[in-house]
Amino acid sequence: MAGISATTNVAGFETRLQLLEAGESIRWIIARYMELCDVPQPEFDLAELGALFTEDATWQGIGPEYGEKFGSYNGRDAIVRMLGSHLLPGGPFTANAHVLGEGRINISFPTASGSWIMQQVSAYTDGRQEVVAARITVDFELDGAMARIKTFRTQRLVALSPANLATPH
């Protein structure tokens, strides 16, 4: 009996280690995505951004605001072109920063999913400023413990201009 228990414990530890490693990979991927989407970037690398996605990935704006504003992009190359049009010099932002909440992750090898609330503070080339909260929902493909984005969905929850934010009196 001791041999069965020891084998089971080793297998259990290996599974737990894989789950921990996959979770860390997912957190790193989503954090890096947000970091690469901050503007200005001293050395923006579209290839690094693209490497976060699977070759056949989908990026979608969902809900009434983001469905119309962003639409849907299929394939890594289309996603990178769209993101580059927003993030590279000449795009709509003079400054853009993302803050990602803790979120939740569900892992079921060889896939995983996660959901986060993201805050985005933006200044646009036309002088507008905006604070946005959006729900980010992502499906991942796992290759061992390494994650890549398979489907990225963003839905705006609220958007305010800094002038509309409450200030203490």
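Not counting residues up to four places away in sequence, Ala 97 touches Asp 38, Gln 119, Gln 120 and Val 121. The structure in which these contacts occur is a predicted model. Ala 97 belongs to strand S3, which covers residues 93-100. With a relative accessible area of 36%, Ala 97 is classed as partly exposed, because that value lies between the 20% limit for buried residues and the 50% limit for exposed ones. Between Ala 97 and Leu 20 the separation is 77 residues in sequence, and the distance from C-alpha to C-alpha is 28 Å.

The protein as a whole contains four helices and seven strands. Read from the N terminus, the order of these elements is α-α-β-α-β-α-β-β-β-β-β. Along the principal axes, the C-alpha atoms fill a box of roughly 70 × 45 × 30 Å. The protein has 169 residues, of which 36% count as buried. Its exposed area is about 9800 Å², and carbon and sulfur atoms supply 56% of that area. Among contacts with a separation of 6 or more, 55% are accounted for by residues 24 or more positions apart. The protein carries 13 positive and 19 negative charges, and the mean positions of the two sets are 5 Å apart.

Strand pairing was examined for S5, S6 and S7. Strands S5 and S6 pair in the antiparallel sense over 13 bridges. Within this pairing, Gln 120, one of the residues touched by Ala 97, has Val 132 in S6 as its bridge partner. The hairpin of S5 and S6 has four residues between the strands, and Gly 127 in this hairpin takes a positive phi near 95 degrees. Strand S6 also pairs with S7, in the antiparallel sense and over 13 bridges. Here Arg 135 stands opposite Gln 155 of S7. The hairpin of S6 and S7 has two residues between the strands; in it, Gly 144 takes a positive phi near 65 degrees.

Strand S7 also holds Thr 154. This residue is buried, at a relative accessible area of 4%, because the value falls under the 20% limit. Apart from residues up to four places away in sequence, Thr 154 touches Trp 59, Gln 60, Gly 61, Ile 62, Tyr 66, Ala 134, Arg 135 and Ile 136. Arg 135 is thus among the contacts of Thr 154 and stands opposite Gln 155.

The largest nonpolar core comprises 35 residues. Those with the most contacts inside this core are Tyr 33, Phe 53, Trp 59, Leu 83, Phe 140, Ile 149 and Phe 152. Two or more core residues come from each of helix H1 (2-36), strand S1 (53-62), helix H4 (76-87), strand S5 (111-124), strand S6 (129-143) and strand S7 (146-160). Helix H1 gives the largest share, seven residues. In soluble globular proteins, nonpolar side chains tend to be buried together.

Two of the listed core residues also appear in the contact sets described here. Trp 59 is touched by Thr 154. Phe 140, leaving aside its neighbours within four places in sequence, is in contact with Ile 26, Ile 29, Pro 110, Thr 111, Ala 112, Ser 113, Gly 114, Trp 116, Ala 147, Arg 148, Ile 149 and Lys 150. Ile 149, in contact with Phe 140, is itself listed among the residues with the most contacts inside the core.

Notes: Residues are numbered from 1 along each chain as its sequence is written. This is a predicted model: local features need pLDDT of at least 70, side-chain atom pairs count only at pLDDT 80 or more; totals for chains, interfaces and linings use all residues. Side-chain values use heavy atoms; hydrogens and water are left out. A nonpolar core is a set of buried Ala, Val, Leu, Ile, Met, Phe, Trp, Tyr and Cys residues joined through side-chain atoms within 4.5 Å. Buried means under 20% relative accessible area, exposed over 50%, partly exposed in between (1.4 Å probe, protein chains only). Contact means heavy atoms within 4.5 Å. Two strands pair if DSSP finds at least two bridges between them. Accessible areas come from the Shrake-Rupley method with a 1.4 Å probe; for residues, only the protein chains shown count as cover. Lys and Arg count as positive and Asp and Glu as negative; His and the chain ends are not counted. The place of a charge is taken as NZ of Lys, CZ of Arg, CG of Asp or CD of Glu.
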